[in-house]
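Good morning, and thank you for the opportunity to speak. I would ask everyone to bring the sequence and the structure into view before we begin.

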Amino acid sequence: MGNGVKEGAVRLREDAEAVLSSPVSSKSDHRQVLSSLLSGALAGALAKTAVAPLDRTKIIFQVSSKRFSAKEAFRLLYFTYLNEGFLSLWRGNSATMVRVVPYAAIQFSAHEEYKRVLGRYYGFRGEALPPWPRLLAGALAGTTAASLTYPLDLVRARMAVTPKEMYSNIFHVFIRISREEGLTTLYHGFTPTVLGVIPYAGLSFFTYETLKSLHREYSGRRQPYPFERMIFGACAGLIGQSASYPLDVVRRRMQTAGVTGHPRTSIARTMCTIVREEGAVRGLYKGLSMNWLKGPIAVGISFTTFDLMQILLRRLQS
């Protein structure tokens, strides 16, 4: 086992030296990173815009003590449309885009880089990674993206649950939070976010890559059709979001504590309060059925868009 790790480390160092010494490889790597960033940004923007009204509705239920049901959710959507207009269903989407575009760009790009690094380390260059490195690559990619863009996620949650009069735009949210609640508030709820991102991103990327690998093995086709990618992405989203959902509810409570009247407490106390007041299943899984509707759609669109953009950019470059 020790010899295997040493050999892997030596192999990884030799690969790194070879890459650094080659200007052509370096140029190719830069192109791959830029291609991943661009594809990821577009994938995230399209996916989140498509499900923005459902996402906003889910957040409103998550941060309140109201009981969730599909009927109540669609009633909320309908009355929001009647009282505030059609475009109000996308309120907070500008903040979502400011967060999602860099988040998705970093996450997809980081995932490609982690796959390359882990592939070199385990000797799987140019091939599909084995299960554990595949899971690790996804978890590391999600953690990297969440760490770098977290304040934007908090701002987006605040805008989703407050009236227009309270926060006029993204910059106004940052200014008011820093003045009234302190800059540290911008990272309130960060821990449950990271704890939730690890299984979510890990399982999402793992499931999608595994399904593509199985498809390649059993169908004999190198690339799945777009609708097949959508199905693989939908399965990935369903599994990833179901596994991490309770922590998603906890982080939303913590993020919006300053404007919803809930006390600002730790992860454990927030979770205990939700369970005590609303019950374990109804409280910690509130809005999950909405997520089962929007999650697979969003993840399916994002994975499919990223893959198709990567294929298109590779063809343009060649």
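I shall speak about salt bridges, then one helix, and finally a patch on the surface. Please bear in mind that this is a predicted model.

Let us begin with charged pairs. Side chains of opposite charge can pair when their charged atoms come close. How many salt bridges does a search of the whole structure find? The search gives 14.

I wish to dwell on D153. One of its salt bridges is with R99, where the closest N and O atoms are 3.3 Å apart. This pair connects distant parts of the chain, since D153 belongs to helix α6, residues 131-161, and R99 to helix α5, residues 93-122, with their positions 54 residues apart. Both D153 and R99 are buried.

D153 also forms a salt bridge with R251, and here the closest N and O atoms are 2.2 Å apart. R251 lies in helix α9, residues 226-255, and D153 in α6, so this pair ties together parts that are 98 residues apart in sequence. Are these two partners buried or exposed? D153 has 3% relative accessibility and therefore counts as buried, the limit being under 20%. R251, with a relative accessible area of 14%, is buried as well. Through shared partners, salt bridges join R99, D153, D248, R251 and R252 into one network.

A further salt bridge is formed by E209 and K115, whose closest N and O atoms are 3.6 Å apart. E209 sits in helix α8 and K115 in helix α5, 94 residues apart, and the pair again links distant parts of the chain. E209 is buried at a relative accessible area of 17%, whereas K115, at 22% relative accessibility, counts as partly exposed.

Helix α8 itself deserves attention. It covers residues 190-219, 30 residues in total, and spans 42 Å from its first C-alpha to its last, close to the 44 Å expected at 1.5 Å a residue. Where does α8 bend? The bend is at V197, by about 30°, and a proline, P199, follows within four residues. After α8 comes G220, which has a positive phi, near 80°.

I turn lastly to the surface. Y78, F79, Y81, L82, F86 and L87 make a nonpolar surface patch of about 680 Å². Of these residues, L82 is placed in helix α4, residues 70-84. L82 has 46% relative accessibility and so counts as partly exposed.

Thank you for your attention.

Note on methods
Residues numbered from 1 in each chain as written. Predicted model: local features only at pLDDT ≥ 70, side-chain atom pairs only at ≥ 80, totals over all residues. Heavy atoms only, no water. Patch = residues over 30% accessible without salt bridge, like charges linked within 9 Å, V, L, I, M, F, W, Y side chains within 5 Å. Areas by Shrake-Rupley, 256 points an atom, 1.4 Å probe, with all protein chains shown as cover. Salt bridge = Lys/Arg side-chain N within 4 Å of Asp/Glu carboxyl O. Helix = DSSP H or I, 4+ residues; strand = E, 2+ residues; numbered from the N terminus. Buried < 20%, exposed > 50% of the residue type's maximum accessible area, 1.4 Å probe, protein only. Expected span 1.5 Å × (residues − 1). Bend = angle between axes of the 7 residues up to and from the residue.
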